[in-house]
Amino acid sequence: MRVFVACSGDENVLIKYRNLASDVATSLVRCNHKLIFGGSSTGCSGKCYMTYRYEAGKIKAIIDVHDTKYLEDIEVDAYEVMPSSFEKNKMIYQASDMILILPGGLGEINLLFSLLEESKKRNEKKPIILFNYDNYYTPLLRFLESAHNVEFLSKDDIQLFSIVNDIKSLERYLKVKDEEWER
């Protein structure tokens, strides 16, 4: 399965989030999942990339033309350079079998909503997982619940994504999806 992992490339991210990115990458590569990579060689994104590379996992990069400098610092099995972040998000959606959103900033939140909207419009059941590590996304989840309560979001909208809170729950989720994938 090809899994896109969205996580921050910011160098100043707390070590616990960088360690999370490494732990997630370890879980994915040991299940033989291919990494769709869209970030930099720094921060959580860099930690995810380095763990995949160390574990000899397959990596495909999909990057915005403005970020081609990152290709100088990484070694990937394949890559695509897109003309804009909009096109990058579209290609990530098309190239991935599953999307995993780790704690992050504007880029990760933008990607979450962009891919949820795409999934809804296409009426696809592509797994999109929000990793609510250390309750990072709890305020966002409360906002979505509030939007649902005043009928801006339907129950179907809320069910476009799943939530995991730790590595063990991610691994259980992956096991179920792997079994479904094999059928």
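Q: When does a residue count as buried, and when as exposed?
A: Buried means under 20% relative accessible area, exposed means over 50%, and partly exposed lies in between. In this predicted model, lysine 177 has 19% relative accessibility, so the residue counts as buried.

Q: Which residue does lysine 177 meet in a salt bridge?
A: In general, side chains of opposite charge can pair when their charged atoms come close. Here the partner is glutamate 180, with an N to O distance of 3.1 Å. Glutamate 180 is partly exposed, at 38% relative accessible area. The two residues are three apart in helix α7, and therefore about one helical turn separates them.

Q: How many salt bridges does a search of the whole structure find?
A: The search finds nine. One of them is between lysine 121 and glutamate 117, at 3.3 Å from N to O. Both residues lie in helix α4 (residues 106-122), four residues apart, about one turn of the helix. Lysine 121 is exposed at 62%, while glutamate 117 is partly exposed at 39%.

Q: Which salt bridge links distant parts of the chain?
A: That is the pair of lysine 60 in strand β3 and glutamate 80 in strand β4, 20 residues apart. Their side chains meet at 2.7 Å, N to O. Lysine 60 has a relative accessible area of 22% and glutamate 80 has 25%; each is partly exposed.

Q: Strand β4 also holds valine 81. Which surface patch does valine 81 belong to?
A: Valine 81 forms a nonpolar patch with Val65 and Tyr79, and together they have about 250 Å² of accessible area. Valine 81 itself is partly exposed, at 33%.

Q: Turning to the interior, how many residues does the largest nonpolar core have?
A: It has 32 residues, and those with the most contacts inside it are Val5, Val24, Leu100, Leu102 and Phe131. Elements giving two or more residues to this core include β1 (2-6), β5 (98-101), β6 and α7 (167-182). Helix α1 gives the most, with seven residues. A second, separate core of 23 residues includes Ala6, Met91, Leu116 and Leu141.

Q: What is phenylalanine 131 in contact with, leaving aside neighbours within four places in sequence?
A: Among its contacts are Leu20, Val24, Leu100, Leu102, Tyr137 and Leu170.

Q: Is asparagine 132 buried or exposed?
A: Asparagine 132 is buried, with a relative accessible area of 5%. The residue lies in the loop between β6 (128-131) and α5 (138-149). Its side chain makes a polar contact of 3.1 Å with the side chain of threonine 138. Beyond neighbours within four places in sequence, asparagine 132 also contacts residues including Leu141, Ile163 and Val164.

How values were computed:
Residues are numbered from 1 along each chain as its sequence is written. This is a predicted model: local features need pLDDT of at least 70, side-chain atom pairs count only at pLDDT 80 or more; totals for chains, interfaces and linings use all residues. Side-chain values use heavy atoms; hydrogens and water are left out. Patches are made of residues with over 30% relative accessible area and no salt bridge: like charges are joined within 9 Å, nonpolar side chains (Val, Leu, Ile, Met, Phe, Trp, Tyr) within 5 Å. Accessible areas come from the Shrake-Rupley method with a 1.4 Å probe; for residues, only the protein chains shown count as cover. A salt bridge is a side-chain nitrogen of Lys or Arg within 4 Å of a carboxyl oxygen of Asp or Glu. Buried means under 20% relative accessible area, exposed over 50%, partly exposed in between (1.4 Å probe, protein chains only). A polar contact is a pair of N or O atoms within 3.5 Å; within protein, one must be able to donate a hydrogen and the other to accept it, and residues adjacent in sequence count only if both atoms are side-chain atoms. Contact means heavy atoms within 4.5 Å. A nonpolar core is a set of buried Ala, Val, Leu, Ile, Met, Phe, Trp, Tyr and Cys residues joined through side-chain atoms within 4.5 Å.
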